[in-house]
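Please look over the sequence and the structure shown here, and then follow the paragraphs below with the residues in view.

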Amino acid sequence: MNYASFENISKSYGERILFTDISFGISEGQKIGFVAKNGTGKTSLLNILSGADQPDQGNVIYRNGLKVEFLAQEPNLNPELSIEETIFASDNDTLKIIERYEQALKNPDDADAYQKAFEQMDAQNAWDFETQYKQILFKLKLEDLNKKVNNLSGGQKKRLALATILLNKPELLVLDEPTNHLDLEMIEWLEEYFRVENLTLFMVTHDRYFLDRVCNEIIELDNGQLYSYKGNYSYYLEKKEQRHSVEQTNTEKAKQLYKKELEWMRRQPKARTTKSKSRIDDFSDIKARAHKRRNDHEVQLELNMERLGNKIVELHNVSKAFENKNLFANFDYNFQPGERAGIIGKNGTGKSTFLNMLTGNLKPDTGKIVIGETVKFGYYTQKGITIKEGQKVIDVIKEFGDHIPLKKGRTISAAQLLERFLFDRKKQYDFVEKLSGGEQKRLYLCTVLIQNPNFLILDEPTNDLDILTLNVLENFLLDFPGCLLVVSHDRYFMDKIVDHLLVFEGEGTITDFPGNYSDYRAYDASKAPEPKKNEPKPTEQKSSWKENQSSGGLSYSEQKEFKRLEKDIEKLEKEKAKLQQEFLNDLSPEDIEKKSKRLGEINDAITEKEERWLELSMTAEG
């Protein structure tokens with residue numbers, strides 16, 4: 001059954017054209033992920049689909065009586081209502097019956113009202129719905145039903161809007177970044193909810209695991225054209241690569257044909273036959289195909305990081321509490337050179353507080369934090385860029401200087417740097433407040449990185465970034481030689497770039513886990529079930545994976561060393577291949593001597609590290 005149709009839709013803002021003459025449909029049961037670069041109209045398309053905006057041209061046609069709900073990035077909620085009042089304020093008849101029943105429970109003296117409410121609950125079979133309603137609120141951590149909306153954080157408002165929408169049971173659900181402001185446990189619950197519920201979805205999200213596990217179709221907006229892929233995100237990546245390969249082949253063929261036709265055009269006399277005029281018309285089409293180029297820019301990041309010393313950051317007996325709630329207690333930790341750590345934990349367990357203490361924005365209640373003299377923090381916060389009225393994109397970068405230092409003594413102009421961050425010359429003179437949310441985040445990321453930090457702290461860096469920018473950021477971070485500390489709910493991102501996790505478990509406990517997020521989930525799922533409440537806890541209860549995995553295998557520190565060796569060897573092999581390639585160029589005797597010496601050092605380092613890797617590997621197997 002067809003739910004909605006986009007017919008020849010166009011949208012622009014002034015001279016900025018987002019899309020022109022695009023068409024597609026949404027049918028019952030489809031779970032569509034919409035993919036496009038930041039600034040190309042994802043949110044605008046969602047607003048048109050939900051009825052919050054109108055297209056410049058074309059029509060959106062809905063099935064009569066279709067119930068549509070829209071989850072915006074910034075929900076519009078009544079600040080005067082409580083959480084419970086917000087939910088009951090919807091048009092859901094079953095919720096109104098539950099509301100009357102809840103009110104009757106608060107007034108036990110009115111027996112008639114209670115009896116009537118009870119009978120309505122029975123008649124509408126609202127008991128199961130009430131259970132589901134409370135489960136959704138529990139999963140989204142919205143238990144304080146009397147709390148006013150104006151006292152909620154941005155994340156709590158987003159979760160309240162999501163809960164209200166889910167309870168309204170729409171036929172078509174339109175979602176703009178549904179996983180933002182959800183912790184990992186909530187995301188996995190929502191993922192499973194969408195997977196099993198009979199819902200029709202149209203969503204924008206950068207969460208690639210979410211797209212892979214929920215969606216059965218991907219629609220991509222690329223250079224103004226729509227492409228549809230009947231499968232999940234992994235299928236889309238495979239077929240997109242094939243499409244790009246075919247396009248490249250066709251473009252090369254068109255270039256060869258264009259050269260031949262261009263020579264023919266130049267040889268033609270002024271008086272042309274009817275046959276030659278037809279060929280001239282074809283020439284225009286050939287020229288257009290020959291000059292078609294994919295516009296897949298990449299952010300090129302080659303910044304001039306200062307070398308770290310041996311002392312990085314040391315935490316000694318650090319504790320922090322808010323309102324009698326222990327976030328962490330007596331925590332000791334020493335960051336090592338090149339460490340790549342992820343932080344995970346439920347909302348409210350102190351993740352952002354921990355980052356603010358590291359960077360000196362908060363003081364610990366007890367203990368001390370010692371920062372090495374060579375450490376230069378780069379701190380990407382959730383708050384994002386501070387927008388100054390009337391400020392243009394290029395002015396933001398020029399605050400750090402007209403020229404920015406790169407590696408090997410080179411410099412780059414502010415305009416050139418912005419181009420590497422996907423801001424073309426025209427976009428550089430746009431006002432910052434006119435940028436999309438993702439573009440503002442990309443600009444903010446630029447301002448953090450150009451200060452050349454050697455200890456990079458990223459607090460939810462993936463929010464609002466498009467998948468292209470995420471891929472480039474991931475590649476940069478994989479090669480980043482300094483320390484890296486990341487808080488993120490993006491499981492794919494965490495799996496790709498971190499070596500171990502600091503798990504904030506609540507009640508003041510932080511556990512160091514040697515692996516990425518998927519490793520942790522696999523370990524967590526394999527743990528023995530918790531003992532029943534009435535049973536005494538065994539003395540071995542406090543033993544952790546560190547102890548469990550060390551017997552007959554590698555110790556905790558050896559596991560970390562083993563993982564680091566694999567990455568070190570891979571980096572050295574890349575450097576060796578690059579160096580060997582450079583020997584094919586014309587080199588001066590001095591350069592040959594210098595590069596030969598470095599090649600020898602690399603070979604020695606690879607041999608040493610491979611021997612140690614083999615030693616640890618045999619220990620693990622034994």
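Arg195 counts as partly exposed, because its relative accessibility is 47%, and in this predicted model the residue forms a salt bridge with Glu192, with 2.8 Å between the closest N and O atoms. Glu192 is partly exposed as well, having a relative accessible area of 38%. Both residues belong to helix α7, where they stand three residues apart, and this spacing separates Arg195 and Glu192 by about one helical turn.

Helix α7, which covers residues 184–196, also takes part in a salt bridge that reaches outside the helix, since Glu185 lies in it. The side chain of Glu185 meets that of Lys141, with a distance of 3.9 Å from N to O. Lys141 is found in the loop between α5 (126–139) and α6 (154–167), so the pair ties together parts that are 44 residues apart in sequence. Are these two residues buried, exposed or partly exposed? Lys141 has a relative accessibility of 26% and counts as partly exposed, and Glu185, at 35%, counts as partly exposed too.

Another salt bridge joins Lys230 to Glu217, and here the closest N and O atoms are 3.2 Å apart. This pair links distant parts of the chain, for Lys230 sits in the loop between β9 (225–229) and α9 (233–267), while Glu217 belongs to strand β8 (residues 217–222), 13 residues away. The surroundings of the two partners can be read from their accessibility: Lys230 counts as exposed at 59%, whereas Glu217 counts as buried at 5%. A salt bridge may also be part of a network, as is the case for Glu191, Asp207, Arg213 and Arg491, which are linked in this way. In the whole structure there are 27 salt bridges.

Arg213, a member of that network, has a further neighbour to consider, because its charge lies over the face of Tyr209, at 4.5 Å from the ring centre, and a charge within 6 Å of the centre and within 35 degrees of the ring normal is taken to sit over a ring. A second arrangement of this kind involves Arg442, which lies over the face of Phe423 at 4.9 Å from the ring centre.

Aromatic rings can also pair with one another, and a pair of aromatic rings is described by the distance of the centres and the angle of the planes. The count for this structure comes to 23 aromatic pairs. In the pair of Phe335 and Phe455, the ring centres are 5.4 Å apart and the planes stand at 75 degrees, so the pair is edge-to-face. Phe335 lies in the loop between β11 and β12 (340–345), and Phe455 lies in strand β17 (residues 455–459), so this pair ties together parts that are 120 residues apart in sequence. Phe335 is buried, with a relative accessible area of 3%, and Phe455 counts as buried at 0%. Both belong to one aromatic cluster, whose other members are Phe328, Phe331, Tyr333, Phe354, Phe377 and Phe504.

The strands deserve a look of their own. Strand β10 (residues 313–322) and strand β11 (residues 325–334) pair in the antiparallel sense over six bridges, and Ala321 stands opposite Asn326 in β11. The hairpin of β10 and β11 has two residues between the strands, and in this hairpin Glu323 takes a positive phi near 50 degrees.

Which residues does Ile369 contact, leaving aside its neighbours within four places in sequence? Ile369, whose place is in strand β13 (residues 366–371), is in contact with Val313, Glu314, Leu315, Val318, Met357 and Leu358. Met357 is 12 residues from Ile369 in sequence, and the two are 8.1 Å apart in space from C-alpha to C-alpha.

After these single residues and pairs, the protein can be viewed as a whole. Its secondary structure comes to 20 helices and 20 strands, and buried residues make up 44% of its 622 residues. Among the contacts with a separation of 6 or more, 67% are between residues 24 or more positions apart. The protein exposes about 33,000 Å², and carbon and sulfur atoms supply 46% of this area.

Definitions and conventions: Residues are numbered from 1 along each chain as its sequence is written. This is a predicted model: local features need pLDDT of at least 70, side-chain atom pairs count only at pLDDT 80 or more; totals for chains, interfaces and linings use all residues. Side-chain values use heavy atoms; hydrogens and water are left out. Helices (H or I, at least four residues) and strands (E, at least two) are DSSP runs, numbered from the N terminus. Buried means under 20% relative accessible area, exposed over 50%, partly exposed in between (1.4 Å probe, protein chains only). Contact means heavy atoms within 4.5 Å. Accessible areas come from the Shrake-Rupley method with a 1.4 Å probe; for residues, only the protein chains shown count as cover. A salt bridge is a side-chain nitrogen of Lys or Arg within 4 Å of a carboxyl oxygen of Asp or Glu. Two strands pair if DSSP finds at least two bridges between them. Rings of Phe, Tyr and Trp (its six-membered ring) pair if their centres lie within 6.5 Å; planes under 30 degrees apart count as stacked, over 60 as edge-to-face and the rest as tilted.
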